Amino acid sequence: MTFNLDLSTRLPLVSAFALTLSACQPAADNAPADASDATPAAPAEESSAITVSNGTDSVVIDPANWPEGRSGVERDPEIEAFIADLVSRMTVEEKVGQVIQADISEVTPQLAAEYNLGSVLNGGNSGPGDDNFAPPAAWLELADEYYFASTDTSDGGLGIPIIWGTDAVHGHSNIVGATLFPHNIGLGAANDPDLIRRIGEITALEIRATGQDWTFAPTLAVVQNDTWGRTYEGYSERPEIVANLSGPMVEGLQGAPDSDDLLGADHIVATAKHWVGDGGTVRGLDQGDNRSTEAEMRDIHAAGYMPAIASGVQTVMASFNSWHGVKMHGNGAMLTDVLVDRMGFDGFVVGDWEGHGQIAGCENENCPQALLAGVDMYMAPASWQELYGNLLAQVEDGTIPMERLDEAVTRILRVKARAGLFDGVAPSARTHAGDFDLIGSDAHRAVAREAVRGSLVLLKNEGGLLPLNPGSNILLAGDGADNIRKQSGGWTINWQGDGHTNEQFPGGQSIFDGFQDVFSAAGGNVTLSEDGSYSDRPDVAVVVFGEEPYAEFVGDQDYVNFPDESGLDLLRQFQAEGIPTVAVFLSGRPLWMNRELNASDAFVAAWLPGSEGGGIADVLVADADGDARHDFTGRLSYSWPQRADQTVLNPHDEGYDPLFAFGYGLSYAEPGESLGALSEEDGLPDAASGDSIALMQSGRPAGSLQLVLVDGGETLAVSGPDAVSAAGNVSLTLDDRDVQDDSRRINWAGAASVRVEGAVGPFEGDQLLQISYQVTSRGEGRAYLAMACGEACEGSLDVTAGIRLAEGKGWREAQIPMRCFADAGVDLAGVDAPLLITGSDGLELWIDDVSVGGEASESAACEL
């Protein structure tokens, strides 16, 4: 670690650091914690077990049962002396600011400096100037603004540089034009530590180009229930694969811990997340409760952390989940006694998005419990200012001991110093900064394409249909065939990965692009036809289909079924016409595919390959001699279900009975046996077959439904988190009800409508339209709720009175009988717009979940 001591006029911190060197004494080799970190050792005859309880449930944690470890990064005596001197000169206000991280959409550089904030992040829907599509230069410029504001000492402060964190979870995925690698589920199928290390190195370089310091990656969840919406963020359901890949990814991002390159010019700070148990919650619910035993938590869910710590990971992110009812953000036994004191983690613990507010007795703006438990930095995107005031008061009144605050600040500053942030070099002056040719470079994309090839898993290849003859006539069908957004999944440009066109992935290749390159070079022909229509009969039809992008809780589902039958319909169509079929399935998890497997001759699990769709053709298409250009090497890192109710399906589970076991995968060299006809009984209970039909979930249209704004005769299909109608009379955005972006806020500036469109039903008159909503401003005009069933077929209810009664009353649940809409003129058997909301100037309405189900009573009213 080298400090630029000549910059003392710019940063007085550096000159103070220099003054302490002569007096410093070497610290103990690689001490796992500060002197203030350590808790008194228990007498040998006493148990070290700790009972953690929420009042009704509890778990016993004994740190002695956990592996004893040490960080791969040894403490530097010079840094330790520098940090100790710095902390001794900081005001309480500066210290409190250091333990808070705000979102760039919620804090200006000037405010961040005024409050001495330690960090900023760009959330999934944040970009410079609130523009997710901002060019790389805008990101670098903003990084400079935060840096210069934070290091300005004109107010008499110490000028501690800020650190900027970003969710670069499959490449620098917030940046337009970046190299997008397969999501972790695909990398787990490849299971190649060297490849993982190179991916980390490339991601770090592309982040360096835009001036950020820190990524919230890798995710080390060991996923045990595939209904979880974050399944694709985990490498595997098996701990040994996660442990095999965690260290190499950390080293790729940060540099090898035993090298001079550690956190050098080519690297950034990494994060091991989410500590711990996020992949094992009951029913796979995001942010839910993990009820594992201590041994299961240690041996399964924590398996990736020891290699990450040994590789020197500098930050760990606390998990949203609870363990036997106790939120991890408030679990001091796990954050401090196990992670730091026992396992030797020697960086700092950062919270997740307002995760501290979920601790019992806490709010987003007020939670000393998290700091006391061992969270060193609060991720408080929007609540940061109120949180700052409360923390300051709690330090001053003794609720938070100064020793604990100093400990947290010391840990944060230690990581900043190791990362070179005190060297006095602005982001734009650092190595690789502004080298935007690095972003999405040919060399980087070549590695991503290699990763795509390695991630593909061949599940079926009857009659050796693959590899395809490049001189043949191929039809490429399905809505994923020419769709980089769909093949990239969530955490792509924005949080949910939605609303993008191929043009917003410059340099990227769709799967069709890759096929076209190969076939045009070989003299064959490939035709793109999303709906499967054709004029010249193809030799083979390749159908590319799968899940729409999602992230976190938005992707949670009850079963491992795949309700979209558009891909199945195409496969069956071609099968009926005698055309050989290849299914390429894009998904963030294994799902029940028996029907699609039966309807295809070859089936490839392609996961979420990212921006380099050409890697698909590399493996599926032969060379001119008919030989495979690349064989299938991917193997299932998740077991594949044979029924849609097999939500928990892991090799160590009792009664383990998959369709394809963990580790399965065919190849050209080892084609395996014929699969035969599979049962098409999904195993779902009757209630799962559609008794209740979702129209909106967490403010988003469900399934294949579409959200549309209608204003002055102009319509706008909503594809991203925010939208404004053509004439500006209605706008909407995602906002927080309970957790990040879990509801839709709609504002009317004039007369306009919001529609949920798509064929759904048929409905019955005794069913209920159920709406979760709140009214924050009623406006002065009238409001209507309607359904439509084609042209000139609509039924509308005047809900003005209900809107006015609901104003300011918080969240409410409305249940309106479907017969009300039938009486108003709706044909319930032919609904193609199941929800229309019309408002006028001044109305602000929030919508969470909307569904049709249940049974209406005779007395149920036709109003909100």
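Is Asp479 buried, partly exposed or exposed, and at what relative accessibility? In this predicted model, Asp479 counts as partly exposed, with a relative accessibility of 22%. The cut-off for a buried residue is under 20%. Asp479 forms a salt bridge with Lys486, and the closest N and O atoms of this pair are 2.8 Å apart. Lys486, in contrast to its partner, counts as buried, at 0% relative accessibility. The bridge thus joins a partly exposed acidic residue to a buried lysine.

Confidence in the model was considered next. The average pLDDT of the protein chain is 92, and 94% of the residues score at least 70. Residues 1-45 are a stretch in which pLDDT stays under 50. For this stretch the model has 83 contacts beyond four places in sequence.

The count of salt bridges in the model comes to 41. One of them links Arg755 and Glu757, with 2.7 Å between the closest N and O atoms. Glu757 counts as partly exposed, its relative accessibility being 27%. Arg75, Glu80, Asp346, Arg414 and Arg418 are joined into one network by salt bridges that share partners.

A further salt bridge lies in helix α7, between Arg198 and Asp194. The closest N and O atoms of this pair are 3.1 Å apart. Arg198 and Asp194 are separated by about one helical turn, because they stand four residues apart in α7. In an α-helix there are 3.6 residues a turn, so residues three or four places apart point the same way. Both partners have some accessible area: Arg198 is partly exposed, with a relative accessible area of 23%, and Asp194 is partly exposed at 40%.

Helix α7 itself comprises 18 residues, from 193 to 210. Its end C-alpha atoms lie 27 Å apart, which agrees with the 26 Å that the helix should span at 1.5 Å a residue. The helix is mostly covered, with 13 of its 18 residues buried. At the start of α7, a side-chain oxygen of Asp192 comes to within 3.1 Å of the backbone nitrogen of Asp194. Asp194 therefore takes part in two of the pairings described here, one through its backbone nitrogen and one in the salt bridge with Arg198. After the helix comes Gly211, which has a positive phi, near 95°.

Helix α8 covers residues 239-254 and has 16 residues. The distance from its first C-alpha to its last is 23 Å, close to the 22 Å expected at 1.5 Å a residue. Because 13 of the 16 residues of α8 are buried, this helix is largely enclosed by the rest of the structure. The residue that follows α8 is Gly255, whose phi is positive, near 95°. A glycine with positive phi thus follows α7 and also α8.

Among the strands, β21 consists of residues 700-701 and includes Pro701. Pro701 is partly exposed, with a relative accessible area of 24%. Leaving aside residues up to four places away in sequence, Pro701 touches Leu695, Met696, Gln706 and Leu707. Between Pro701 and Thr399 there are 45 Å in space, C-alpha to C-alpha, and 302 residues in sequence.

Conventions. Residues are numbered from 1 along each chain as its sequence is written. This is a predicted model: local features need pLDDT of at least 70, side-chain atom pairs count only at pLDDT 80 or more; totals for chains, interfaces and linings use all residues. Side-chain values use heavy atoms; hydrogens and water are left out. pLDDT is the predictor's confidence in each residue, from 0 to 100. Contact means heavy atoms within 4.5 Å. Buried means under 20% relative accessible area, exposed over 50%, partly exposed in between (1.4 Å probe, protein chains only). The expected span of a helix is 1.5 Å times one less than its number of residues. A polar contact is a pair of N or O atoms within 3.5 Å; within protein, one must be able to donate a hydrogen and the other to accept it, and residues adjacent in sequence count only if both atoms are side-chain atoms. A salt bridge is a side-chain nitrogen of Lys or Arg within 4 Å of a carboxyl oxygen of Asp or Glu.
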